[in-house]
Amino acid sequence: MTAINWKTLLILACLKIPQVGSYNAKKFLRTVTDVKAVIDDFNILKESSVRPIRQAIKKGILTAEVWSKYVELSLQEVEKAALLQIEIINFEEECYPQNLLTLHNYPTIIYAQGNIKLLNAPKIVAIIGTRTPTDFGIETCRYITEWFVQQDYVIVSGLAKGCDTFAYQTALEHDGKTIAILAAGLDQPIYPQSNVELVKKILDHDGLVISTYPLGTKLFPKFLAARDEWQSGISNGVVVVETGLKGGTHCTINFALEQRRMVAICDQIPAAGNLKYLQINSKLIRGISSPASLVDFVKQMDVL
């Protein structure tokens with residue numbers, strides 16, 4: 001029998017209630033004094049002041065029978081995760097990434113497979129960019145990734161084709177540690193399929209694969225954009241190798257600026273997206289190319 005974290009189980013069950021997302025689950029948890037009692041006794045749940053929970057009960061959507069079903073489904077997910085060596089981490093656990101807790105809408109639950117110590121590594125940088133980099137973009141991505149690995153940074157990205165993939169490959173070639181953030185349940189097929197072996201290498205090299213999506217959650221295009229928020233959120237800063245004017249890279253950049261994360265743009269690559277962001281007057285954006293500019297960028301990350 002898998003050891004059960006009752007707080008995690010309660011959160012998982014609450015997230016199954018219609019209209020109860022991460023925000024309301026956290027709000028409800030702050031009112032709970034006995035987690036196990038709430039799981040076992042629906043009458044306690046009926047006293048909740050959290051509006052979506054109260055409304056679900058009032059409309060008959062949430063009943064004692066339905067609550068028991070949600071708890072049972074959550075127990076099944078915990079058991080399945082244990083079999084797959086996937087850890088389910090709630091936001092109040094010490095191993096939860098502290099960088100994410102600085103965000104307004106941090107996820108209540110993270111699913112992790114691999115070396116969870118990386119979640120709170122002192123040095124984490126996201127390296128991102130287009131799925132179709134130029135030869136110079138690939139060369140630059142490899143150079144920058146190797147430089148950060150030499151400075152003992154954990155490399156984060158979203159496992160996309162192109163810059164993400166080249167960053168991972170380079171980090172692994174130089175014995176670096178990596179975190180891959182996925183946009184589906186960790187029990188689902190890897191996307192893109194071409195990176196199935198890459199995920200195995202990440203895990204074999206003491207890396208980490210994480211997701212905010214429950215087991216069984218299939219990939220949808222909108223999840224790719226949502227995932228971009230955590231790439232920047234978990235990192236100390238973001239490096240943009242090469243980008244056009246459209247694509248997921250822009251989502252991550254915008255999230256990073258909202259989160260007060262430093263953003264480095266490779267200024268020797270004349271891609272339209274690179275030029276666009278280099279023209280923005282922001283203390284959070286830096287152009288990088290030389291080792292000296294990389295050192296300056298790291299110093300700025302440390303200040304924030």
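Here are a few friendly notes on the cores and the sheet of this predicted model.

1. A good place to start is the largest nonpolar core, which has 73 residues. Within this core, L10, F28, I53, L62, W67 and I210 touch the most other members. The biggest contribution comes from helix α1 (residues 6-14), which supplies six residues. A second core lies apart from this one; it has 25 residues, including Y153, A167, V241 and L294.

2. As background, nonpolar side chains in soluble globular proteins tend to be buried together.

3. I210 deserves a closer look in your viewer. Which residues does I210 contact, leaving aside neighbours within four places in sequence? They are I110, Y111, A112, L119, I179, A180, I181, L182, L186 and I234.

4. Now to the sheet. Nine strands make up an open sheet with mixed pairing, and their order is β1-β2-β6-β5-β4-β3-β7-β8-β9. At the edges are β1 (87-90) and β9 (285-288), each of which pairs on one side only. From one strand to the next, the twist averages 25°.

5. For a detail inside the sheet, try strands β7 (residues 237-240) and β8 (residues 262-266), which run parallel and are joined by four bridges. Here V240 has I265 of β8 standing opposite.

6. Finally, please have a look at helix α7 (residues 135-150), which packs on the sheet. The strands that helix α7 touches are β3 (124-128), β4 (154-157), β7, β8 and β9. Its direction makes about 175° with that of β3.

Terms used
Residues numbered from 1 in each chain as written. Predicted model: local features only at pLDDT ≥ 70, side-chain atom pairs only at ≥ 80, totals over all residues. Heavy atoms only, no water. Core = buried A, V, L, I, M, F, W, Y, C linked by side-chain atoms within 4.5 Å. Buried < 20%, exposed > 50% of the residue type's maximum accessible area, 1.4 Å probe, protein only. Helix = DSSP H or I, 4+ residues; strand = E, 2+ residues; numbered from the N terminus. Contact = heavy atoms within 4.5 Å. Pairing = 2+ DSSP bridges. Axes fitted to C-alpha atoms, helices over the stretch in contact; angles between N-to-C directions.
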